Amino acid sequence: MDDLLADFLTETHEGLTALDSALVRLERTPDDQPTLSEVFRLVHTIKGTCGFLGLSRLEAVAHAAENVLGRYRDGTLPVTAGGITLILSALDRVKEIVAGLEATGAEPAGEDAPLIAALNAAAEGQVEAAAALPAEAAADPAPEQGGALAAQTIRVSVEVLEDLMTLVSELVLTRNQLLQLARVHQSDAFAVPLQRLSHITSDLQEGVMKTRMQPIGNAWAKLPRLVRDLGHELGKKIDLDMRGAQTELDRQVLELIRDPLTHMVRNSGDHGLETPAERRAAGKPETGRITLNAYHEGGHIIIEIGDDGRGLPVDRIRAKALANGLATEAELAQMSEREILRFIFAPGFSTAQQVTSVSGRGVGMDVVKTNIEKIGGTVELASKEGRGATFTIKIPLTLAIVSALIVEAGGERFALPQIGVVELVRVGGGQDGAPRIERIKDTPVLRLRDRLLPLVSLAGLLRLVPPGDAATEGFVAVMQVGGQAFGIILDRVFDTEEIVVKPVAPILRHVTMFSGNTILGDGSVIMILDPNGIGRAAGVGLDAGGAEDRRATPAAGLRSDRSTSLLLFRAGEGAPKAVPLGLVARLEDIPAERIEMSGTTPVVQYRGGLMPLVSVAPGWTRPDAAARQAVLVFTENDRAMGLMVEEILDVIDERLVIQPGSGRPGFIGSAVVAGRVTEVIDTAHWLAQAGEDWFRTPRPAATGAARPRVLLVEDSAFFRHLVVPGLAAAGYDVAAVENPAIALRLREEGVPFDAVISDIEMPEMDGIAFAEALRAGGPWSAVPLIALSSRTDPADIARGRDAGFTDYVGKYDRDALLQSLRDCLAAPVAA
Amino acid sequence: MDGMGMPPAGATPAMGGRAEAGEQVFLTLTVAGQGCAVPVLLVRDVLGPQAITRIPLAPPEVAGSLNLRGRIVTAVDLRLRLGLPARPPGAVAMSVVVDQGGELYSLLVDEVGEVIPLPAARFEPNPPTLDPLWREVSRGVHRQEDRLLIALEVERVLAIG
């Protein structure tokens, strides 16, 4: 017999027992509304589950009984003894069928038509029909309550389990004390029975703990069938992909999330996924996919419910929020898409245009959210229109067993859940070559193989030592939390222990650094660290919004208006260096023996050609033959040059704020990247070092008499430095100015250009006004004008074209810009 | 302030002959020389000095947590909670374990006295000049021959943070 059926039988037995007594009560007090509702609900539940399991006989009988009860509940039919008798006989029939089901796994054959007819007649108000009820149905003896199967599981109140747990914990502590005593007193006579006691205690502890844990798959068992039926009903093709079904979860928590999960899966199937025709039209596979994924992460259980459907309609949600008075237009205008999406968790919020039988009945996401929050969880939502939506439920392990490292910091012991710990590194200790904690100003970092790991001092974070007084010796626990890596500095690491997570007292809930506390084998209480909380408290990039705010101080420096991917490397003395990743074609690690000298220039044979190498650090010497040389390769058509650096550190997306440098050749200036001062190199300078002819080589675009002259108007020095070398390398003669006023002055002076490239957002005169000024007349009125902007919404592009821009290129898409230049110059604007 | 110090409804039928109408049974304690009392029905245990684990970042009056037969009990130092000077080094604290909403808390006190019924008639409301911090946690003052007892409202004492 499958699990589903077994579950059903257990539930139905309970329901039937409750029904018997409720019905008898009802007969005595026919007007008691709560009893009526209870009876109706019980019968309804039985009917509903039968439908799922395809038990047609049971469903038909229960359905007919439910009809009568429905009329009673609505008050459209008075409760009569005859009616109750009829319902009771229907229940007897249900019991009979259930008994057969239990014995054989299938519904026994039988004729229910007379009973159903009688029930239907009763529902029509013909109570007298009840009298005509076939005697055989009424007289059928109900089978003995609770068959063999029902006895296999019993329900035990959580309180009993809690008490057991407490007793076992005490037993463990007493056992530990006994063991301690036996060790001290060397009494051999006790050794063997003590060993046995010890083992039994451990087994007992494990057993009691197990009573509360269940794999989450139990809550999912009914979903495949539900999704299949949903697909049929809605005419959709749906795949259900379930992962992590073995993830264990506190039984109580499991019960509480079962309904929200079911509801969300229904929602995904109903609202999220499109019909096969719509999916075909959108270029997606016909079969939609709903993904359930469960795993442990840092003291929490994460459950993701995702679909690859149409995503949430942001505009409809915005409109609905406005219509429902949840927010004003002004408030909505300031909200991010993410905040707007969260309105679906507001009470009574449904954007379903039509109420289907499946969902959209007002029991909405607000109930889901409330239920999840009741058990201390959170629900997050990510959606991309046309690509699907994913809900992420995060539930703390209120009572779960986790494996934890027992560590010490600042003289106190803590438990660090092993989930999330990637590795342990011993630092300091005086040995040569051992990793050590380095500091950039006060920020500790660790070089871990090929990357720089930000560190937080646990003792410092928990204010157990004065700030900045952190140890330089000890251990670093390398953590991976939500895609972010960081290290926690610890003084000592003891061992691992299986611990039972207990919630902290309510008066300590605001301390987010701990996910709970527990009692160790030696009887001491210990706090359990929450890696997420630590990451957040340390500001390790978990909250990108805040981090951006910190960096986006528009100082006197030059700024680019969006984040740029930067390649960080080390070369020579001083701060690490950075170069925009977009300029780098490849990273190579070249064996030193392959580096040859051509005159005074080091070269390497590279992809069938000779690549000149230039060192960023002055006074380059060839590394040992066995060593390797890290090289950033820049290419242009079939030519390549290599920039030799000591070590490639990282690639980081950063909003650049460049402080103009000291004027040292080869560097644009310095910027704070990942919290550290970094020098940004001037690519043009280094490319020129690779040989006099690097920019001089005739390019296809430049065939003919003169090289096309291009004017770049751009307020950001960073982008000027980024764009100019690229254009120059492509064979253009480029002049760059920092604002439209200077450009217009050049126009007055009569300087000719073949094309003008302009930024849009600039202080004082912006690109739009500049374009209008150019198009208004004068020598440049017909010059091709290309906008270079980070804002590439269709509306922005339309605005640009209206103002007179010939073309509009995203910042900074080098290939698109070159292509645009070629197009513009090949076909001058006729205007 | 009417009814201050009156016993709450349903007080102690179990106390039988000792607690008559208008009386409630209290456990007396001493904190930095000040006599206090807590309703004995809330008290689960009285313990001698315990090993207490400090909790970093917790409010200062939270001394830490301790293990009471497998249950984790949060210890609140009554001296610090009542704005009294910290316990001198070397002095030991007694733990009065109380139940608050199903959670166990330990009140760290200097001495634990006796369990006595306090007749409602001898309760006085808080003097209006009493330190606001004390007014918040005291449900009234009980006159005894030799000293005054502050009847602590445990729920308020534990309303920290």
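## Exercises on a predicted two-chain model

Among the elements of chain B in this predicted model, the lowest mean pLDDT, 86, belongs to strand E9 (residues 123-124) of chain B, and the highest, 94, to helix H1 (residues 78-81) of chain B.

**Exercise 1.** Determine how far chain B can be read in detail, starting from its confidence values.

*Solution.* Begin with the chain as a whole: chain B has a mean pLDDT of 83, and 86% of its residues reach 70 or more. Next, look for a stretch that falls below this level; over residues 1-20 of chain B pLDDT stays under 50, although the model has 27 contacts beyond four places in sequence for them. Where pLDDT is low, the predicted coordinates should not be read in detail. For the model overall, the scores are ipTM 0.80 and pTM 0.43.

**Exercise 2.** Describe the side of chain B that touches chain A, by element and by residue class.

*Solution.* The contact takes 20 residues from chain B and 23 residues from chain A. On the side of chain B, strand E4 (62-68) and strand E5 (71-77) each supply at least two residues, and the largest share, four residues, comes from E4(B). Sorted by class, this side of chain B has 10 nonpolar, six polar and four charged residues.

**Exercise 3.** Classify the mutual orientation of helix H3 (residues 56-74) and helix H4 (residues 81-104) of chain A, and describe their contact.

*Solution.* The two helices pack at an angle of about 160°, with their axes 10 Å apart. Angles over 145 degrees count as roughly antiparallel, and H3(A) and H4(A) are therefore roughly antiparallel to each other. The crossing in which H3(A) passes H4(A) is left-handed. Residues that make the contact include A:Val61, A:Ala65 and A:Val68 of H3(A), together with A:Ile87, A:Ala90 and A:Val94 of H4(A). By class, the residues of this contact divide into 11 nonpolar, one polar and two charged.

**Exercise 4.** Work out which strands stand at the edges of the five-stranded open sheet of chain A, and follow one of its pairings.

*Solution.* Write down the strand order, which is E31-E30-E32-E33-E34 in chain A, with parallel pairing. Strand E31 (733-737) and strand E34 (807-810) of chain A each have a single partner strand and stand at the edges, so one side of each is left without a neighbour in the sheet. Neighbouring strands of this sheet are turned by 20° against each other on average, direction ignored. For the pairing, take strand E32 (residues 755-759) and strand E33 (residues 785-789) of chain A, which pair in the parallel sense over four bridges; A:Asp759 stands opposite A:Leu788 in E33(A).

Terms used. Residues numbered from 1 in each chain as written. Chains lettered and ligands numbered in written order. Predicted model: local features only at pLDDT ≥ 70, side-chain atom pairs only at ≥ 80, totals over all residues. Pairing = 2+ DSSP bridges. Axes fitted to C-alpha atoms, helices over the stretch in contact; angles between N-to-C directions. pLDDT = per-residue confidence, 0-100. Contact = placed C-beta atoms within 7 Å. Parallel < 35°, antiparallel > 145°, perpendicular 65-115°, else oblique. Left-handed = near helix turned anticlockwise from the far one by under 90°. Nonpolar A, V, L, I, M, F, W, Y, C, P; charged D, E, K, R; others polar.
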